[in-house]
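User: Hi! I'm new to this one and would love a friendly walk through it. Could you show me what we're looking at?

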Amino acid sequence: MLTIREKNEESLIRDRSEFIGILVHVTSAQDVENALKIIKEEYPKAKHYCYAYKIGNRTKCSDDGEPSGTAGRPLLDVLEKRTLDEILVVVVRYFGGILLGASRLLSTYVESAVKVIDSSTLLSIETRYVYRTKLSYSDFDTMRRLQTKYGYTLENIEYNELIELDLLSKSDNIEELISLFPKADIEVMGVKQIYVKTY
């Protein structure tokens, strides 16, 4: 799954109406509510604030007064087709006085969403297994050398009599760690999500 971390906006004009596509990273319904409130404050005179969001298995969409099925559901379809998660897409519309018709309206909302997604920095949502590790300086040097080979990420490093750190691994491999570092104190901390830039 892909997401963003930085809010992004893109605008397009269609028959004098302005459509502003906005992409926001969200992880809860409260995040969505807060983001919509801010967007409505930033664009107070807009006619419509159509949106869709996807957070894991939770989804919701709104046409916000546009003809049924022309905005919210198509926006959600874009998020799902692009395998996006933890995402809110809002298309703010300033009405220019010309009716577009249902099919052109739908295609314009989709185009607005695609435009803002394409200009955003997308990140891959990946799971890492976290191990709190206490080890000697010599083992730490070995661990740093093996970091690339085994795909480890080292975080929260504390230099004391022994070195304490969080080791993040792509796989659940406590046995491998114990065999590589038999003198180290290794504690399983659980899993966490990280965001990795896609290229």
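Analyst: Happy to. One term before we begin: two strands pair if DSSP finds at least two bridges between them. By that rule, β3 and β6 pair in the antiparallel sense over 8 bridges. Keep in mind that this is a predicted model.

User: Which residues face each other in that pair?

Analyst: H25 stands opposite I87 in β6. Another partnership is I22 with V90, again in β6.

User: What does β3 do on its β2 side, parallel or antiparallel?

Analyst: β2 and β3 run antiparallel and are joined by 7 bridges. One of the partnerships there is R14 with S17 in β3. The hairpin of these strands has 2 residues between them, and D15 takes a positive phi near 50° in it.

User: How many residues of β3 are buried?

Analyst: 8 of the 9 are buried, so β3 is largely enclosed by the rest of the structure.

User: Zooming out, what is the strand order in the sheet?

Analyst: The order is β2-β3-β6-β4-β5, an open sheet of 5 strands with antiparallel pairing. β2 and β5 (58–62) are the edge strands, each pairing on one side only. On average, neighbouring strands are turned by 15° against each other, direction ignored.

User: And what holds strands of a sheet together in general?

Analyst: Strands of a sheet pair through backbone hydrogen bonds, either parallel or antiparallel.

User: OK, helices now. Which strands does α1 lie across?

Analyst: Helix α1, residues 29–42, lies across β2, β3, β4, β5 and β6, and runs at about 155° to β4. α2 packs on the sheet too, touching β4, β5 and β6. The direction of α2 makes about 35° with that of β4.

User: What about α3, how many residues does it have?

Analyst: Helix α3 covers residues 102–118, which is 17 residues. From its first C-alpha to its last it reaches 24 Å, close to the 24 Å expected at 1.5 Å a residue.

User: Which of its residues are buried, and what covers them?

Analyst: The buried residues of α3 are L105, T108, Y109, S112, A113, V116 and I117. Their cover includes the strands β2 (8–14), β3 (17–25), β4 (48–55) and β6 (87–94), along with helix α2 (72–81).

User: So α2 meets α3. At what angle do they pack?

Analyst: About 35°, with their axes 9 Å apart. α2 passes α3 in a right-handed crossing. On the α2 side, P74, L75, V78 and L79 make the contact, and they meet L106, Y109, V110, A113, V114 and I117 in α3. By class, that contact has 10 nonpolar residues, no polar and no charged ones.

User: Changing topic: which residue in the loop between α2 and β6 has an odd backbone angle?

Analyst: T83 is found in that loop, and T83 has a positive phi of about 50° although it is not a glycine. E86 is placed in the loop between α2 and β6 as well, with a positive phi near 55° in a residue other than glycine.

User: Why would a positive phi stand out?

Analyst: Because most residues other than glycine have a negative phi.

User: Is E86 buried or exposed, and what about T83?

Analyst: E86 is buried, with a relative accessible area of 7%. T83 counts as partly exposed, at 39% relative accessibility. The cut-off for buried is under 20%, and partly exposed runs from there to the 50% limit above which a residue is exposed.

User: Thanks, that helps a lot!

How values were computed
Residues numbered from 1 in each chain as written. Predicted model: local features only at pLDDT ≥ 70, side-chain atom pairs only at ≥ 80, totals over all residues. Heavy atoms only, no water. Helix = DSSP H or I, 4+ residues; strand = E, 2+ residues; numbered from the N terminus. Expected span 1.5 Å × (residues − 1). Buried < 20%, exposed > 50% of the residue type's maximum accessible area, 1.4 Å probe, protein only. Contact = heavy atoms within 4.5 Å. Axes fitted to C-alpha atoms, helices over the stretch in contact; angles between N-to-C directions. Left-handed = near helix turned anticlockwise from the far one by under 90°. Nonpolar A, V, L, I, M, F, W, Y, C, P; charged D, E, K, R; others polar.
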